[in-house]
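Morning, everyone. Please have the sequence and the structure open while I talk.

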Amino acid sequence: MDSVFGVVVAAGRSVRMGQGVNKQFLPLSGLPVLARSLRVFEEAVPVKGYVLVMAEGEVDRASRLACEWGCRKLLAVVPGGERRQDSVRKGLEALPAEAEIVLVHDGARPLVGVEELVAVASEAARWGAATLAVPVKDTVKEAGTDGFVVRTLPREVLWLTQTPQGFRYSLLREAHQRAEAEKITATDDASLVEVLGHRVKLVPGSYRNIKITTPEDLAVAEALLGIEGGISMPLAPLRVGFGYDVHRLVTGRPLILGGVNVPFDRGLEGHSDADVLVHAVMDALLGAAGQGDIGRHFPDHDPRYAGISSLLLLERVGRLLAEKGFAVNNIDAVVVAQAPRLAAYIPSMEFNIARSLDIDAGRINVKATTTEGLGFTGTGEGIAAYAVAAVVSSRGRPENPLPTGALD
Ligand SMILES: Nc1ccn([C@@H]2O[C@H](COP(=O)(O)OP(=O)(O)OP(=O)(O)O)[C@@H](O)[C@H]2O)c(=O)n1
Ligand SMILES: C[C@](O)(CO)[C@H](O)COP(=O)(O)O
């Protein structure tokens with residue numbers, strides 16, 4: 001496919017959400033709305049890179065968070081403009097010259113699927129312009145300013161447009177330049193291309209690709225994710241496991257918790273990266289599946305594991321469980337640390353753990369607590385973590401929990 005790039009706009013004011021904050025940072029099943037939208041661009045193979053557009057005052061915050069969310073294809077975070085189309089234009093200006101197809105997406109549409117994004121890219125490459133859209137389900141009336149119906153519109157030809165919308169880069173830039181020159185305002189990019197007389201191909205999308213606009217949209221999105229993740233449908237047979245780990249705090253080491261490099265004057269000592277949270281999670285998972293503990297699978301005298309990211313080990317635990325016929329239902333964990341304060345990093349920890357296990361972040365819950373200055377965690381000698389995990393047998397019954405020996 002042609003060289004595909006993206007522009008994700010998230011520089012709006014979130015007025016209709018009515019919470020006084022950018023709705024894109026609100027949690028949706030444990031992960032910020034924006035993180036979910038960006039993840040789709042990360043996962044869509046044809047997308048080479050993308051630009052994120054934020055309100056002026058949120059550029060730094062978004063850049064920092066995107067790093068924590070593991071956004072590897074993000075090229076730049078740039079300030080947006082007054083109207084959505086101004087934000088898109090600024091995003092387009094930041095794209096590299098090699099861009100041939102550009103996908104413009106609302107950061108506020110976190111439920112779009114990777115396949116939908118790829119379909120729009122391929123139709124845009126074919127037709128020059130394409131947009132995801134769904135047929136109107138209700139009967140649509142045109143109203144007068146007096147509040148009375150003027151006419152009923154023919155539903156058969158009406159579609160609700162969504163994003164991403166995909167275009168040949170040169171075509172979309174021309175459309176935006178024309179809009180600037182002729183002072184045209186439009187609520188989507190396809191409209192600007194239509195003004196040029198260019199045809200826009202409709203790509204049938206999904207009704208689940210809602211735009212998070214008002215508070216009830218968040219509730220609907222949560223419900224959709226819950227149903228799809230199967231959380232509301234208990235699976236049996238269920239097995240639970242418990243994990244506990246402690247590491248000593250020392251100077252000269254980074255503090256890695258849940259795969260996040262947490263700023264602190266000391267870090268945890270250990271053979272690997274000493275990620276005490278991920279170690280507790282792995283032990284809980286292995287315990288639930290009857291597969292021993294991490295000491296057995298990843299011995300701390302084995303040079304292969306010296307300094308290794310514990311998230312890589314977690315990925316291997318996830319694969320082992322899958323081989324044994326287990327799927328992770330949910331994990332709950334608590335980090336016990338007197339300092340530093342961890343609240344701001346918890347969504348990223350949950351995201352990292354979920355990504356390593358290839359499951360939805362809504363299935364992971366991480367908490368942090370102090371011990372009011374008591375004990376070894378209270379004095380800052382070390383950090384502890386506890387975790388419980390529930391796994392279900394995807395083969396309908398628990399697997400034989402006999403030990404299988406170490407991973408390769
Ligand atoms: N000046 C603007 C206006 C909107 N957007 C983005 O365009 C998308 C669609 O806009 P909408 O959902 O309407 O978001 P807001 O403009 O934030 O909402 P509201 O109108 O309620 O303030 C959102 O991802 C929003 O952040 C943008 O980047 N720059
Ligand atoms: C681009 C869009 O999401 C397509 O439905 C929509 O037009 C954005 O409109 P808004 O007024 O910025 O919410």
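I'll go through two sheets, a helix pair, two ligand surroundings and a record entry. Keep in mind that this is a predicted model.

Let's start with the first sheet. It is open and has 7 strands. Read across, the order is β5-β4-β1-β6-β10-β7-β11, and the pairing is mixed. Which strands stand at the edges? They are β5, residues 74–79, and β11, residues 201–204. Each has a single partner strand, so one side of each is left without a neighbour in the sheet. From one strand to the next, the twist averages 25°.

Take one pair from that sheet. Strand β4, residues 47–54, runs parallel to β5, with 5 bridges between them. For Leu-52, the bridge partner in β5 is Val-77.

Now the helices on this sheet. Helix α1 covers residues 33–43 and packs on the sheet. It touches β1, β4 and β6. Its direction makes about 175° with that of β1. Then there is helix α5, residues 169–182. Helix α5 lies across β6, β7 and β10, and runs at about 115° to β10.

On to the ligands. Around ligand 1 there are 20 residues. Which of them come nearest? Val-9, Ala-11, Gly-12, Arg-16 and Ser-87 do. Strand β1 and helix α3, residues 84–93, each supply at least two residues of this shell. By class, the shell around ligand 1 has 6 nonpolar, 7 polar and 7 charged residues.

Ligand 2 next. The residues around it are Arg-84, Asp-106, Thr-161, Gln-162, Thr-163, Thr-187, Asp-188 and Lys-211. Which strand gives the largest share of the shell around ligand 2? That is β10, with 3 residues. The shell divides into 4 polar and 4 charged residues, with no nonpolar ones.

Now the second sheet. This one is open too, with 5 strands and mixed pairing. The order is β15-β12-β18-β16-β17. At the edges are β15, residues 267–268, and β17, residues 364–369, and each pairs on one side only. Inside the order, β12 and β18 run antiparallel, joined by 11 bridges. Strand β18 spans residues 382–393. Leu-238 stands opposite Val-392 in β18. Helix α11, residues 346–357, packs on this sheet. It touches β16 and β17, and its direction makes about 145° with that of β17.

Next, a helix pair. Helix α8 covers residues 276–288, and helix α10 covers 310–323. Their axes come within 10 Å and cross at roughly 10°. Angles under 35 degrees count as roughly parallel, so α8 is roughly parallel to α10. Which residues make the contact? From α8 we have Val-278, His-279, Val-281, Met-282, Leu-285 and Leu-286. From α10 we have Ser-310, Leu-311, Leu-313, Leu-314, Val-317 and Leu-321. By class, that is 10 nonpolar and 2 polar residues, with no charged ones.

Last, the record. An unreviewed UniProt entry lists Asp-245, His-247 and His-279 under "binding site". These residues are spread over 35 residues of sequence, yet they cluster in space. The largest C-alpha distance is 10.1 Å. Asp-245 lies in strand β12, residues 238–250. And His-279 is among the α8 residues in the contact with α10.

That's the tour. Over to you.

Note on methods:
Residues are numbered from 1 along each chain as its sequence is written. Chains are lettered from A and ligands numbered from 1 in the order in which they are written. This is a predicted model: local features need pLDDT of at least 70, side-chain atom pairs count only at pLDDT 80 or more; totals for chains, interfaces and linings use all residues. Two strands pair if DSSP finds at least two bridges between them. Helices (H or I, at least four residues) and strands (E, at least two) are DSSP runs, numbered from the N terminus. Axes are lines fitted to C-alpha atoms, for helices over the stretch in contact, and angles run from 0 to 180 degrees between N-to-C directions. Two residues are in contact if their C-beta atoms, placed from the backbone, lie within 7 Å. A residue is near a molecule or strand if its C-beta atom, placed from the backbone, lies within 6 Å of it. Ala, Val, Leu, Ile, Met, Phe, Trp, Tyr, Cys and Pro count as nonpolar, Asp, Glu, Lys and Arg as charged, and the others, Gly among them, as polar. Angles under 35 degrees count as roughly parallel, over 145 as roughly antiparallel, 65 to 115 as roughly perpendicular and the rest as oblique. UniProt positions are given in the numbering used here, feature names are shortened, and annotations may be inferred rather than shown by experiment.
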